Amino acid sequence: MTDIQSLSNQVQEIAQKIGIRKYDISGSSVDETSVQVDRGEPKQVKASNRSSVTVRVWNQNNTVGIASTTDSDAKGLELALKTAAEASEFGAKDHVPDFSPEATKPIENLKTVQVPPTEVTQLIERLVDLEKQLLDAHPAIASVPYNGLAQRDLNRFYLNSEGAQRHEAHSVASVYLYSKTEQEGKKPRSAGAYKVDVGVNHLDFEGCLKEAAEKTISHLNYQKVKTGKYRVVFSPEAFLSLINAFSNLYNAQSILDNRSLSKLDSLGTQVASPLLSVFNDALHEDNPTSSYFDGEGTPTRRVPLIEAGVLTGFLHSAGTAKRMNAQPTGHANMGAKVTISPDFYHIFAASQPDQTYSLETEENVVFIDDLSALHAGVNALQGSFSLPFDGWLVNKGEKVSVDSATVAGDIREVLKSIIYVEPEVEVTPGGVCPRIWVDGLSVTGE
């Protein structure tokens, strides 16, 4: 546990001693234990303790220097402050970052959720049991090549020379199961499931096991899909990964750097179907990894990005907010350059359309469960994507697995071609989202 008051006093003494007046420090430490198993035996057991601290120092000329260290004791902090002070002589003179105006603003209802760690032997026993149950779920399931059970304790802090002091601590655990089939005369098929929660004892092991087994078995009966335009249904995970791949749409830094699909004056324009609303909400009640402040000490909050299809907000750091005459939103990461990244998404139906759809009644619908190769198949600056997917061709509720196909399109057209946002949302590790129906997407099969 970080004693933020003692740390603040310690840093203040060091800064005074070496003649530094203006500084801020953002840091974190992680205690992590993870296990993997292979056919009933421990394959890998890892325990690590990692810490990282980023220090910024402003000099008399108001240019800033940055230094990072993994050493958070007095000597490490002193060296980092000295290094940052030296680096400040070479700092950029344009758009110099400054403290967030909200770094000293009180944070209401800050909860520290930490649970005692589970013993490693229990982690291994639990994962061995899950692997066995998954292998027993169907004769065709031959192995569980990728699996893992991990627990982490995370401590984060932020402080600055104007008296800002932030600290939060969380526990988070995750389980991952990914099984593979072998059948004579058929291609190996695979599928997986991933769950996250506050601690190991809160994890939905049954749900993870059931999802991994059902998905894997559903892919055994597969066939080629004809190339063409299809009505496509995205699973919550698939839609979240797609919208996150194009987060430059509402990232203020990307917009200022001319590396975005949006412009400075894009706010208020229609970018999606009126049925869709997209919010970013680190403090959502279903987010097990809630964060109360960002790397600059700005409190996090619920940020509307797209409301009923209209672009209504950008994600900001203190620097972009100042340049765009807006408020920081709590999405900054401190580093050599301050970057902005989205947090937990909340996507929902803004309204219900005149016509609704169901996989139980529709014919020839492609249901995309999981998108892959997002690092290679997305051109974020052009808006285009071509991605392999796992999914099914659905006819009146009957699902047949699709054998190796890709889906392609332009994110701007996809968002405007949404015909239905289902009312029921699902909780995933990346956010809360329903299934999303899109008309006329190109699927390449045979």
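Visitor: What is the relative accessible area of Asp-439, which counts as partly exposed?
Guide: Good place to start! This is a predicted model in which local features need pLDDT of at least 70, side-chain atom pairs count only at pLDDT 80 or more, and totals for chains, interfaces and linings use all residues. Residues are numbered from 1 along each chain as its sequence is written, and side-chain values use heavy atoms, leaving out hydrogens and water. Asp-439 is partly exposed (between buried, under 20% relative accessible area, and exposed, over 50%, with a 1.4 Å probe and protein chains only), and its value is 31%.

Visitor: Which residue meets the side chain of Asp-439 in a salt bridge?
Guide: A salt bridge here puts a side-chain nitrogen of Lys or Arg within 4 Å of a carboxyl oxygen of Asp or Glu. For Asp-439, the N to O distance is 2.8 Å. The partner of Asp-439 is Arg-231.

Visitor: How many residues apart are Asp-439 and Arg-231?
Guide: Strands (E, at least two residues) and helices (H or I, at least four) are DSSP runs, numbered from the N terminus. Asp-439 sits in strand E23 (residues 436-444) and Arg-231 in strand E8, so the pair links distant parts of the chain. Their separation is 208 residues.

Visitor: Is Arg-231 buried or partly exposed?
Guide: The relative accessible area of Arg-231 is 23%. That is not under 20%, the cut-off for buried, so Arg-231 counts as partly exposed.

Visitor: Which residues do salt bridges with shared partners join into one network?
Guide: Shared partners are what tie this group together. The members are Lys-187, Arg-189, Lys-224 and Asp-403.

Visitor: How far apart are the closest N and O atoms of Lys-224 and Asp-403?
Guide: This salt bridge pairs Lys-224, partly exposed at 38% relative accessibility, with Asp-403, buried at 5%. The closest N and O atoms of the two are separated by 3.4 Å.

Visitor: Where along the chain do Lys-224 and Asp-403 lie?
Guide: The two are 179 residues apart, so this pair also links distant parts of the chain. Lys-224 is in the loop between strand E7 (222-223) and strand E8 (228-234). Asp-403 is in the loop between strand E18 (398-402) and strand E19 (405-410).

Visitor: Which helix holds both Glu-78 and Lys-82?
Guide: Their side chains meet in a salt bridge at 3.4 Å, N to O. Glu-78 counts as buried at 18% relative accessibility, whereas Lys-82 is partly exposed at 38%. They are 4 residues apart, about one turn of the helix, and both lie in H2 (residues 74-87).

Visitor: How many salt bridges does a search of the whole structure find?
Guide: In general, side chains of opposite charge can pair when their charged atoms come close. Searching the whole structure gives a total of 24.

Visitor: How many disulfides are there by the distance rule?
Guide: A disulfide needs a pair of cysteine sulfur atoms within 2.5 Å. The sulfur of Cys-208 has its closest cysteine sulfur in Cys-433, and at 19 Å that is too far for a bond. Cys-208 is buried at 1% relative accessibility, and Cys-433 is buried at 0%. The disulfide count is therefore 0.

Visitor: Which element gives the most to the lining of the second largest pocket?
Guide: A pocket is an open set of points on a 1 Å grid over the protein atoms alone, where a 1.4 Å probe fits and protein lies on both sides within 12 Å along at least five of seven lines; lining residues have an atom within 4 Å of a point. About 590 Å³ of space lies in this one. Its lining has 26 residues, with Asp-94, His-95, Val-96, Pro-97 and Val-338 closest to the centre. Strand E3 (64-69) and helix H7 (318-323) each give two or more residues, and the most, 5 residues, come from H7.

Visitor: What is the C-alpha separation of His-219 and Thr-181?
Guide: His-219 lies in the loop between helix H4 (205-218) and E7. His-219 is buried, at 2% relative accessible area. Thr-181 is 38 residues away along the chain, and the C-alpha atoms are separated by 9.3 Å.

Visitor: How far apart in space are Ile-25 and Lys-187, C-alpha to C-alpha?
Guide: Ile-25 belongs to strand E1 (residues 22-38), and its relative accessible area of 1% makes it buried. In sequence, Ile-25 and Lys-187 are 162 residues apart, while in space the distance is 53 Å.

How values were computed
Grid points are joined across faces, edges and corners, and a volume is the space filled by probe spheres set on the points.
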